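Visitor: I'd like to learn how to read a structure like this one. Could you walk me through it, feature by feature?

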Number of protein chains: 2
Amino acid sequence: MTVEALDLQTLQTPALLLDEARMTRNITRLRDRLADFGVVFRPHLKTAKCVEVARRLMETPHGPATVSTLKEAEQFAQAGVRDILYAVGIAPGKLERALALRAQGVDLALVVDSPEQALAVADASRRSADVIPVLLEIDTDGHRSGLEPTDPLALEIAAILTRGGASLRGVMAHAGGSYDRPGRAALVAAAEQERAGAVIAAERLRAAGHACPVVSVGATPTAHLAPSLDGVTEVRAGVFVFFDLVMAGLGVCTLDDIALSVLASVIGHQRDKGWILVDAGWMAMSRDRGTARLPVDQGYGLVCDLEGRPYGDLIMTAANQEHGVLALRPGAKGPLPELELGARVRILPNHACATGAQHGAYQVVEGLSPAVRAVWPRFSGW
Amino acid sequence: MTVEALDLQTLQTPALLLDEARMTRNITRLRDRLADFGVVFRPHLKTAKCVEVARRLMETPHGPATVSTLKEAEQFAQAGVRDILYAVGIAPGKLERALALRAQGVDLALVVDSPEQALAVADASRRSADVIPVLLEIDTDGHRSGLEPTDPLALEIAAILTRGGASLRGVMAHAGGSYDRPGRAALVAAAEQERAGAVIAAERLRAAGHACPVVSVGATPTAHLAPSLDGVTEVRAGVFVFFDLVMAGLGVCTLDDIALSVLASVIGHQRDKGWILVDAGWMAMSRDRGTARLPVDQGYGLVCDLEGRPYGDLIMTAANQEHGVLALRPGAKGPLPELELGARVRILPNHACATGAQHGAYQVVEGLSPAVRAVWPRFSGW
């Protein structure tokens with residue numbers, strides 16, 4: 001069957017749908033915002049893992065870009081991307097693959113937050129006669145890895161890198177804690193905390209004689225709500241390209257901005273219980289329950305008609321591997337929508353990164369048209 | 001690099017490890033048990049999604065087998081499997097693919113629980129001049145799809161099928177509710193409820209003149225603990241092949257039976273917080289938190305050394321996409337194990353089906369040997 005022949009009624013379900021018009025709008029929105037601040041935009045490609053999406057996200061075919069795995073770096077390098085930040089602290093066992101990419105002409109920068117990592121990177125730089133550029137990870141909200149902005153270890157790490165043959169390109173921070181802080185005021189505060197922490201760390205390094213040209217910050221909520229980016233040179237963000245129910249729940253987007261959905265078919269009913277069964281379970285939606293900690297819990301996803309309009313309070317309340325149970329959210333008033341055997345729905349995901357990862361391709365649609373305009377492959381693995 | 005050269009120290013991380021010795025023991029255990037009952041064993045291949053594992057699971061190279069998607073049916077059919085139950089209620093839009101498989105000589109049986117589905121299957125049977133065999137799904141614990149054992153609709157569905165050109169091969173039940181009922185007594189009761197419900201439904205169909213030769217039941221907990229299988233002709237089970245922390249938490253297996261683990265590398269520390277960061281996050285572990293509802297919550301996984309021995313109370317307490325946070329479980333006494341940068345660990349998963357699905361292959365190991373003996377590809381998608 002050719003791509004042209006497929007549409008929302010003929011696609012095999014479950015299938016991952018990407019509304020290109022919404023995606024384009026999302027990209028334009030963040031690009032325009034960041035352009036106003038005069039900072040570099042370095043989109044995170046871990047959400048999409050797709051060359052077609054990456055090309056639309058990046059400012060040039062060569063980058064800049066951010067990745068979360070060396071597999072992503074390798075795949076995007078093969079597609080011509082040349083300016084890549086691998087934004088997860090480097091494991092020594094991955095240095096050979098990183099060097100191989102750099103030897104191919106990719107400006108791959110690494111991340112460290114310990115003297116041990118700095119030593120390993122410096123050693124790799126010397127071995128390969130390649131000055132590996134490194135960002136020092138700064139932890140501005142205590143949620144994951146990184147040094148506190150004023151940790152004196154930063155200077156020790158910087159010295160190990162520069163004495164050892166690597167280079168300290170700058171600092172990076174990621175306000176991952178913002179995903180748990182709904183509401184505009186909380187996100188504005190998280191963004192300012194991220195910015196200030198990264199800038200303080202960079203200033204301390206500069207005061208010690210390190211040029212530290214790059215100050216990289218970002219997470220989708222803070223990229224959209226940062227009141228100031230003073231001292232920041234680049235912003236990273238990933239999930240903004242598709243958005244999802246977590247981002248809508250935080251107040252970063254509306255439901256109409258969510259570009260990703262899972263097409264599913266009704267396979268049965270338990271009418272006494274008010275359940276509609278569909279052929280999309282957690283394998284299609286992922287097990288991500290990110291909205292469980294937000295004011296509105298969307299179960300495993302919010303159910304929409306084929307034109308993308310939510311059926312009021314119909315959500316996926318339970319999921320087995322290949323079964324999803326659709327029901328009205330607790331406390332909601334009926335009636336349950338009439339969805340007969342074989343009827344199709346689109347289900348908005350909690351977390352675009354997690355739901356996307358369950359699928360091998362995007363079925364690209366646009367607005368109200370039921371036609372599949374293109375199929376864009378995704379990759380996975382490490 | 002050849003497969004022979006790789007071992008637990010040289011594999012790129014994260015990687016999915018499969019201990020073949022444990023798997024073989026798990027298979028033997030359930031086969032032996034079911035042989036004592038004189039029932040057919042129809043393993044569910046949705047956990048493994050791998051031809052190599054399927055060959056070791058099935059009683060013959062041709063089956064019998066159970067699948068949860070038509071993609072699984074197609075992949076295993078291509079590998080020679082000929083007796084397949086597609087154990088998810090059929091969507092009318094999938095009938096053409098099912099017929100195509102049957103036209104290739106695969107004895108593919110379908111599942112229905114509504115007159116609408118029965119009509120669609122009967123129609124497909126007539127159109128294709130192919131008597132499609134059907135199992136009627138019975139719901140014995142209210143957890144998902146299926147008719148209650150004494151629902152009079154069963155007779156209506158059976159009549160639609162047989163009058164319409166399809167055949168009623170039997171009934172099937174799945175005690176999925178057992179995954180929420182820890183302890184031997186609860187699981188024995190769940191198994192008896194599953195058996196009794198399926199047998200009652202079959203007897204009612206037989207009393208109405210339907211031969212109903214197959215009475216199919218199963219879920220890993222009930223397959224292992226059923227006190228009687230009287231009236232049952234076949235048993236299905238899937239996750240038993242690898243086991244996981246949910247099954248250990250239910251009391252169906254011990255930690256030593258878990259054949260699947262994720263190999264990860266240490267990438268950093270937050271020593272003040274007692275955190276060890278590794279390069280396996282939810283992308284490698286899945287977002288499944290199945291043990292959260294059991295007496296012992298294992299976070300995103302239980303951490304073991306390279307020989308598979310748990311480090312006491314070290315679990316993955318939090319997960320980002322490519323970062324896992326290892327820490328002692330709440331309330332546990334230290335000390336935190338010494339795991340330096342680059343050290344490697346094996347992390348047992350909550351749910352083997354979900355964790356497996358995040359990976360493209362099994363790295364096959366055995367017992368205490370660090371060598372990777374083989375790489376078995378997995379497939380995904382629908």
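Guide: We'll go through the chain copies, the sheets, the aromatic rings and a few backbone oddities. Keep in mind that this is a predicted model.

Visitor: Let's start with the two chains. How many degrees of rotation superpose chain B on chain A?

Guide: The idea is to lay one copy on the other and look at the rotation and the shift. Here a rotation of 180° does it, with 0.0 Å of shift along the axis and an RMSD of 0.0 Å. The two copies are thus related as by a two-fold rotation axis.

Visitor: Which residue of chain B comes closest to the rotation axis?

Guide: That's Arg287(B), whose C-alpha is 2.5 Å from the axis. As for the contact between the copies, 100% of the interface residues of chain B are interface residues in chain A too, so the copies meet through the same surface.

Visitor: On to the sheet in chain A. In what order do the strands come?

Guide: To read a sheet, list its strands by who sits beside whom. In chain A, eight strands make an open sheet with parallel pairing, in the order β2-β9-β8-β7-β6-β5-β4-β3. At the edges stand β2 (40-41) and β3 (65-67) of chain A; each has a single partner strand, so one side of each is left without a neighbour in the sheet.

Visitor: How many bridges join β7 to β8 in chain A?

Guide: Three bridges join strand β7 (residues 167-173) of chain A to strand β8 (residues 214-217) of chain A, and the two run parallel. For a spot to look at, find Met172(A), which stands opposite Ser216(A) in β8(A). Next, look for helix α5 (residues 115-128) of chain A: this helix packs on the sheet and touches β5 (107-112) and β6 (133-138) of chain A. Its direction makes about 150° with that of β5(A).

Visitor: And what is the strand order in chain B?

Guide: Chain B has an open sheet of eight strands, paired in parallel, in the order β2-β9-β8-β7-β6-β5-β4-β3. Its edge strands are β2 (40-41) and β3 (65-67) of chain B, each pairing on one side only. Inside chain B, strand β6 (residues 133-138) and strand β7 (residues 167-173) pair in the parallel sense over six bridges. There, Ile138(B) stands opposite Ala173(B) in β7(B). Helix α4 (residues 95-103) of chain B packs on this sheet, touching β5 (107-112) and β6 of chain B, and its direction makes about 155° with that of β5(B).

Visitor: Now the rings. How many aromatic pairs does the structure hold?

Guide: For rings, check how far apart the centres are and how the planes are angled. Over all chains there are six aromatic pairs. One of them is Phe76(A) with Phe379(A): the ring centres are 5.4 Å apart and the planes are at 65°, which is over the 60 degrees cut-off, so the pair is edge-to-face. Phe76(A) is in helix α3 (residues 70-78) of chain A and Phe379(A) in the segment after β17 (369-377) of chain A, so this pair links distant parts of the chain, 303 residues apart.

Visitor: Are those two rings buried or exposed?

Guide: Phe76(A) counts as buried, at 1% relative accessibility. Phe379(A) is buried too, with a relative accessible area of 12%. Another pair is Phe242(B) with Tyr362(B), with centres 5.5 Å apart and planes at 55°, so this one is tilted. Both Phe242(B) and Tyr362(B) are buried.

Visitor: Where do charges sit over rings?

Guide: Look for a Lys or Arg end above a ring face. The charged end of Lys273(A) sits over the ring of Trp275(A), 4.7 Å from its centre. Arg289(A) lies over the face of Tyr300(A), at 5.6 Å from the ring centre.

Visitor: Last stop, the backbone. What should I look for?

Guide: Most residues other than glycine have a negative phi, and most peptide bonds are trans. Against that background, a cis peptide bond joins Gly63(A) and Pro64(A), with omega about 0°. Pro64(A) is in the loop between α2 (51-57) and β3 of chain A.

Visitor: What is phi at Lys49(A)?

Guide: Phi of Lys49(A) is near 45°, a positive value in a residue other than glycine. Lys49(A) lies in the loop between β2 and α2 of chain A and is buried, with a relative accessible area of 2%. Ser286(A) also isn't a glycine, yet has a positive phi of about 80°.

How values were computed. Residues are numbered from 1 along each chain as its sequence is written. Chains are lettered from A and ligands numbered from 1 in the order in which they are written. This is a predicted model: local features need pLDDT of at least 70, side-chain atom pairs count only at pLDDT 80 or more; totals for chains, interfaces and linings use all residues. Side-chain values use heavy atoms; hydrogens and water are left out. Rings of Phe, Tyr and Trp (its six-membered ring) pair if their centres lie within 6.5 Å; planes under 30 degrees apart count as stacked, over 60 as edge-to-face and the rest as tilted. Helices (H or I, at least four residues) and strands (E, at least two) are DSSP runs, numbered from the N terminus. Buried means under 20% relative accessible area, exposed over 50%, partly exposed in between (1.4 Å probe, protein chains only). A charge sits over a ring if NZ of Lys or CZ of Arg is within 6 Å of the ring centre and within 35 degrees of the ring normal. Two strands pair if DSSP finds at least two bridges between them. Contact means heavy atoms within 4.5 Å. Axes are lines fitted to C-alpha atoms, for helices over the stretch in contact, and angles run from 0 to 180 degrees between N-to-C directions. Copies are superposed by least squares on the C-alpha atoms of residues with pLDDT of at least 70 in both.
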